[in-house]
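Here are my notes on this structure, set out as numbered points for someone meeting it for the first time. Please read them with the model open beside the text.

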Amino acid sequence: MPDAVVIGAGPNGLVAANLLADAGWSVDVLEEQPEPGGAVRHDRGVDPAFVNDLFSSFYPLAAASPVLSSLRLSDHGLRWSHAPSVLAHPLSDGSCAVLDRDVDVTAGSLDAFARGDGAAWRRLHGLWQHLHPDLLNTLFTPFPPVRSAARLAFRLRAAGGLRMARSLVLPVRRLGEEEFRGEGGRLLLAGNALHADLAPESAGSGGFGWLMAMLGQTYGFPVPVGGSGALTQALTQRLQTRGGRVSCGQRVERIDVRGGRAVGVRTAVGDMVPARRAVLADVSVPALYRELLDPVHVPAQVMDDLRRFQWDFATFKVDWALDGPVPWQADQASRAGTVHLADGLDELTRFAAQIAMRQVPDRPFLLFGQMTTADATRSPLGTESAWAYTHVSRDITADAAEEGITGRWDTTDQELMADRVERQVERFAPGFRSLIRARRILAPPTLEALDANLCGGAINGGTTALHQQLVFRPVPGTGRPETPVAGLFLASAGAHPGGGVHGAPGANAARTALHRNRPPGLARVQQLLTHRDRTGAKP
């Protein structure tokens with residue numbers, strides 16, 4: 001009997017399993033899909049000569065994560081690669097905002113939009129340098145992060161206190177207007193905010209856009225050499241060297257609860273897998289409480305709160321094998337791993353408004369990935385492995401372009417939307433479509449079929465909006481990995497701090513499980529030592 005069963009071999013589940021194994025626990029990881037990785041996988045399904053990531057590709061949060069860095073995954077074969085520039089946002093007039101790991105290059109690109117905007121970027125970067133160690137520790141530790149939050153509060157006071165806090169909760173449109181005279185800096189912030197489901201007018205989108213932009217400025221948007229699955233392979237290999245087991249093709253159907261405590265799981269084929277100490281669930285929040293647990297074990301208040309649980313936007317993705325580099329009008333875009341495609345901030349607002357109105361956007365904002373530019377191993381010399389994704393409403397009622405996309409995502413819907421995505425690329429890269437050797441379409445239902453956590457094509461485990469963060473994530477009053485069932489811990493992006501490949505939800509769940517299973521005597525000793533460290537008093 002293993003000490004712990006982990007449901008799901010996505011990055012959070014694998015991080016949790018590794019930390020438990022490091023503590024000497026025996027761990028079984030059960031994964032529904034035929035291979036581990038969740039939304040961190042690649043294949044050669046578009047063209048045999050091309051490596052294409054199925055889901056996520058760029059990993060600034062992984063590069064910044066103290067959780068992942070502590071695992072020393074380079075010892076298990078993981079190597080990172082960077083594009084020459086981090087990100088570009090070209091406009092149809094040929095101008096282009098560039099985010100580069102060299103702050104002088106970033107600042108120079110923004111000065112081309114309006115003199116003085118480079119200095120404004122340096123001020124925002126200086127603020128980040130002052131705050132980011134404690135800010136990241138606050139984000140990546142269990143809630144409430146008492147020590148790191150106290151240090152962050154001290155640094156915030158030194159950085160302007162309430163004025164700085166105000167800036168972080170501003171809508172990104174307003175933050176950009178206050179900080180920059182030209183459109184370049186505003187676009188870098190707003191485009192990064194829309195990596196999540198935060199419209200330019202959403203409260204808190206300014207802080208999120210600033211965070212993502214500064215992560216890119218500091219760490220870049222790195223990619224694993226050889227494909228995103230190399231990160232999964234390193235996590236899996238590390239776990240196996242510590243005695244952990246990963247079993248694929250094992251869909252968990254029910255969590256077994258006895259005496260109010262999780263004691264194991266039952267698979268779809270009827271196998272019972274017991275757990276001596278804990279069950280950790282790297283699954284979506286609705287799936288945990290509505291499907292895996294018998295309703296008698298879920299408090300009525302939690303079930304009521306789940307009615308208000310909000311998913312993030314759905315996602316539509318196209319992968320390509322290209323016979324040559326993308327012919328960008330703005331040359332700077334050719335050096336960037338990630339390219340944002342929207343012709344100005346107003347077009348971003350229009351895009352988000354159409355989603356809010358349940359319309360399929362007529363000019364979709366695209367996040368475009370140039371994977372061979374970021375990692376030369378992805379395709380033959382002179383070609384490009386590329387993708388683009390955009391967001392759509394989860395409940396579509398109209399097509400803003402009046403082309404008949406219904407939201408059923410049948411073959412007709414998929415082809416119409418993929419053509420629309422390609423036309424959007426053509427606006428900024430005339431001749432793009434002539435380079436397409438092959439393409440693959442990943443509509444919202446396809447994404448969910450490949451990873452059940454991507455429910456309806458949502459990629460962040462729930463909205464990033466303020467009303468579902470911190471103590472409100474996943475439902476009000478929680479904010480931690482514990483569940484109403486003893487011995488059961490939420491280890492997915494549905495838990496604080498949310499989506500992105502950084503491993504924090506898995507790490508928080510594992511550390512909480514370890515804490516809950518300390519021997520009573522050891523717990524008392526640690527309590528006394530903590531008291532002594534804080535007060536200087538003798539135990």
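Helices and strands here are DSSP runs, of at least four residues for a helix and at least two for a strand, numbered from the N terminus. The model is a predicted one.

1. I would begin with two cis peptide bonds, each of which leads into a proline. The bond from R473 to P474 is cis, with omega near 0°, and P474 is found in the loop that runs between helix 17 (444–450) and strand 21 (488–490). A cis bond also joins H496 and P497, where omega is about 5°, and P497 has its place in the loop between strand 21 and helix 18 (504–516). Strand 21 therefore borders the loop of P474 on one side and the loop of P497 on the other, if one takes the definition of the elements as DSSP runs numbered from the N terminus.

2. Two residues deserve a look for their backbone angles. R72 is not a glycine, although its phi is positive at about 50°, and R72 lies in the loop between helix 3 (66–70) and strand 5 (80–81). W409, likewise a residue other than glycine, has a positive phi near 60°, and its place is in the loop between strand 19 (398–399) and helix 16. Are these two residues buried or exposed? R72 counts as exposed because its relative accessibility is 54%, whereas W409, at 9% relative accessibility, counts as buried.

3. Helix 16 (residues 411–428) also holds D413, a charged residue that I would examine with some care. D413 is buried and yet has no salt bridge, the nearest side chain of opposite charge being that of R408, which is 5.6 Å away. Since a salt bridge requires a side-chain nitrogen of Lys or Arg within 4 Å of a carboxyl oxygen of Asp or Glu, the 5.6 Å separating D413 from R408 does not qualify. When neighbours within four places in sequence are left aside, D413 is in contact with G404, I405, T406, G407 and R408.

4. Helix 5 (residues 117–140) includes G118, and G118 counts as buried because its relative accessibility is 0%. Which residues does G118 touch, leaving aside its neighbours within four places in sequence? The contacts of G118 are with A107, L110 and D111. G118 and G108, which are ten residues apart in sequence, are 5.9 Å apart in space, C-alpha to C-alpha.

5. For helix packing, helix 1 (residues 11–22) and helix 11 (residues 229–241) make a suitable example, since their axes come within 9 Å and cross at roughly 25°; angles under 35 degrees count as roughly parallel, and so helix 1 and helix 11 are roughly parallel to each other. Helix 1 passes helix 11 in a left-handed crossing. The contact is made by P11, L14, V15, A17, N18, A21 and D22 on the side of helix 1, and by T232, L235, T236, R238 and L239 on the side of helix 11.

6. Side chains of opposite charge can pair when their charged atoms come close, and the structure holds 40 salt bridges. One of them is formed by the side chains of R166 and E178, at 2.7 Å from N to O; this pair links distant parts of the chain, with R166 in helix 7 (residues 162–169) and E178 in helix 8 (residues 172–179), twelve residues apart. R166 is partly exposed, with a relative accessible area of 41%, and E178 counts as partly exposed at 29%.

7. E347 forms a salt bridge with R363, in which the closest N and O atoms are 3.8 Å apart. Because E347 lies in helix 14 (residues 345–356) and R363 in the loop between strand 16 (359–360) and strand 17 (366–370), the pair ties together parts that are 16 residues apart in sequence. E347 counts as buried at 11% relative accessibility, whereas R363 is partly exposed, with a relative accessible area of 40%.

8. A final salt bridge to inspect is that of R439 and E415, whose side chains meet at 2.4 Å, N to O. R439 lies in strand 20 (residues 436–442) and E415 in helix 16, so the pair ties together parts that are 24 residues apart in sequence. Both partners are partly exposed, R439 with a relative accessible area of 26% and E415 with one of 35%. Salt bridges that share partners join E415, D419, E422, R433 and R439 into one network.

Methods. Residues numbered from 1 in each chain as written. Predicted model: local features only at pLDDT ≥ 70, side-chain atom pairs only at ≥ 80, totals over all residues. Heavy atoms only, no water. Buried < 20%, exposed > 50% of the residue type's maximum accessible area, 1.4 Å probe, protein only. Lys, Arg positive; Asp, Glu negative; His and termini not counted. Contact = heavy atoms within 4.5 Å. Axes fitted to C-alpha atoms, helices over the stretch in contact; angles between N-to-C directions. Parallel < 35°, antiparallel > 145°, perpendicular 65-115°, else oblique. Left-handed = near helix turned anticlockwise from the far one by under 90°.
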